[in-house]
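Have a look at the model below and turn it around a little. We will then walk together through some of its open and enclosed spaces, and through a few of the elements around them.

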Amino acid sequence: MKKKLIYSTILTCMMLGGCSDDFTEIAPTGALSDEALLNVTGVDLKLTAAYSVLDGERVNRQGEGVAAGGDNWWTDVIADDAHRGSEDGDNTALFQLETLDWQTGNNWFLGRWSAIFGGVNRCNAVLDLIDQIPDEDLSSQRGEALFLRGYYNFELQKFFGNVPFLSVENLRNEEFNQPNPGPIWAEIEADFQEASSLLGTDVINGRANFWIAQAFLAKAYIYQEKWDEALPLLENVITEGPYSLNAEYVSNFNYAGENAAESMFAIQFSSDDGRSFNGNGAGTLNFPGGGPLGTCCGFYQPTQDLVNAFRTESGLPLFDTFADTDVTSDYGIPSYEEDGETPTAFTPYDGPLDPRLDYTVSRRGIDYNGFGPNPGKEWIRAAFNDISGPYLPKKNVYQADEVDANRGTGGWGSDWSGINYNVMRFADVLLMAAEAAVEKSTPDLALALNYVNQVRNRAKNMTYVKGFDEDGNQDVNTDAANYQIELYTSFATQQFARDAVRFERRLEFGMEGHRLFDLRRWDIAEETINSYIDREGEDIDQADYNSKFGTYTDKHNLFPIPINAIDQSGGILTQNPGW
């Protein structure tokens, strides 16, 4: 074990940052011998360690800690779904990411890079150990390790584009520095394909199975626009697999719905009654600045642009005109600008809205996850001259009646939520299948319509957020807003179907860490993000808003390779174009 540990640490040092030489002279505390691990139990222990990196937490991780987690929330800040939140001067590195002032030494890039490579390295360690135990049937464990390596490399690929592939042979031969000549899609596909051949169909919470491996293989195909290859895999998961949409949309984001029918692959968080750090450490900043529980820190605030996207007409989205009219907020009224003032009267927007809005975004006057009406500025940390606006996230925040089961706290008062994060849920499979049906060599618009309408039908028939009566009590008979959502009757053209699928993804997955990567793979990130910045500047109505932002260009379609990694590789790693 000591030899393998040293190999692992050298790899970490050379790929991710520097280490002193003395670690090779000291026997690792609590380490098991090689012989002790050469069995099924040893493999299972190492496999558990490979899963554990899904949350980004690991020893020797480098860079920004809250950037490491698998929910990728901070990428929404670069896209049009979210602001960094808080005050402009808090966490300059993330402010620079939002405003497109990117530096190759930004710790947020390094945080995710380091965490992903930690996962790849642990998967290779599992596969290496399995190869040393030929007399045991470890095919299932091998399948899980291959799936996880495929997943970690998929994350690495979609973030950085031109990345090294590290194999078991590299580990064995001490070939710790590998070049990054281009995409590694072939290696990702191979891992998902072999994993599919080895994994069973049983559903075990938090673990990979055949259906999940097939869905991620299809997702890898979709990122490469291999529509004809992706669609049959997704259809098989839809028609033969054990997953389905939850009746309630909110069940994807609360404790009651953890590992329910819609949850396919989720990071398994736990608060342990606040006694450990097994909660969502990457999301510790993303609670109201104060609020009903006195939380920190007011990050991850939804944009006005996202809120406007939920406007409807005759129950359908407004693809091209959603931003023509703002969903009103209390932003800019005197009580917002002057903390401590008696709130100015405010009436929430009364136009038609998709009901998923108020499960995604917290607006003033609307129930905040059972805590009562959001009072507005009182729960917003950002001041009027900050760029973050008046909204709060809801999907990553506790429900009022589930706090005790889910709230963990860190050493500085941070919240470590025990609520799972769904890396992939069944709605994603439906909308990926709809997209593939639209884009394949012979488009099937009727099939795409069916899948999109399944997602919309759940939203139409779920329980809507409720309003309050004159005494301030929630009225179960009154909706909080003018919710109107209907199904599409047809997709008349391929372009209309394409617009419908893409817009549905934004509505369904808003504030879930997917938006930036969708915009990039559709090749519309530059146009969409720059237009959003201009619109948001008008909505925020600050004289210097736009001057704080740079311009999104083609080079922003990939994150830069962290300069720390390039330096420590001795120049073997090369930088992405434009950086």
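Helix α18 (494–509) gives six residues to the lining of the second largest pocket, the largest share. A pocket here is an open set of points on a 1 Å grid over the protein atoms alone, where a 1.4 Å probe fits, with protein on both sides within 12 Å along at least five of seven lines; lining residues have an atom within 4 Å of a point. Helices (H or I, at least four residues) and strands (E, at least two) are DSSP runs, numbered from the N terminus. This is a predicted model, in which local features need pLDDT of at least 70 and side-chain atom pairs count only at pLDDT 80 or more, while totals for chains, interfaces and linings use all residues. Residues are numbered from 1 along each chain as its sequence is written, and side-chain values use heavy atoms, with hydrogens and water left out.

The pocket's volume, the space filled by probe spheres set on grid points joined across faces, edges and corners, is about 520 Å³. Phe319, Phe322, Arg515, Ile524 and Thr528 are the closest to its centre among 21 lining residues. Along with α18, helices α19 (515–521) and α20 (525–540) each supply at least two lining residues.

The structure also holds ten cavities of 30 Å³ or more; a cavity is a set of points where the probe fits but cannot get out. The largest encloses about 290 Å³. Of its 20 lining residues, Asn280, Lys395, Asn396, Asn420 and Tyr421 lie nearest the centre. Here strand β10 (residues 421–425) gives the largest share, three residues.

The table sets out both linings by class: Ala, Val, Leu, Ile, Met, Phe, Trp, Tyr, Cys and Pro count as nonpolar, Asp, Glu, Lys and Arg as charged, and the others, Gly among them, as polar.

| Space | Nonpolar | Polar | Charged |
|---|---|---|---|
| Second largest pocket | seven residues | four residues | ten residues |
| Largest cavity | seven residues | nine residues | four residues |

Which strand does β10 pair with? Strands pair if DSSP finds at least two bridges between them, and four bridges join β10 to β2, running antiparallel. Ala266 stands opposite Asn422 in β10. In β2 (residues 263–267), five of five residues are buried, meaning under 20% relative accessible area (1.4 Å probe, protein chains only).

Helix α17 (residues 445–461) has buried residues too, including Leu445, Tyr451 and Arg458. These buried residues of α17 pack against β10 and α18, among other elements, with contact meaning heavy atoms within 4.5 Å.

Key
Expected span 1.5 Å × (residues − 1). Buried < 20%, exposed > 50% of the residue type's maximum accessible area, 1.4 Å probe, protein only.
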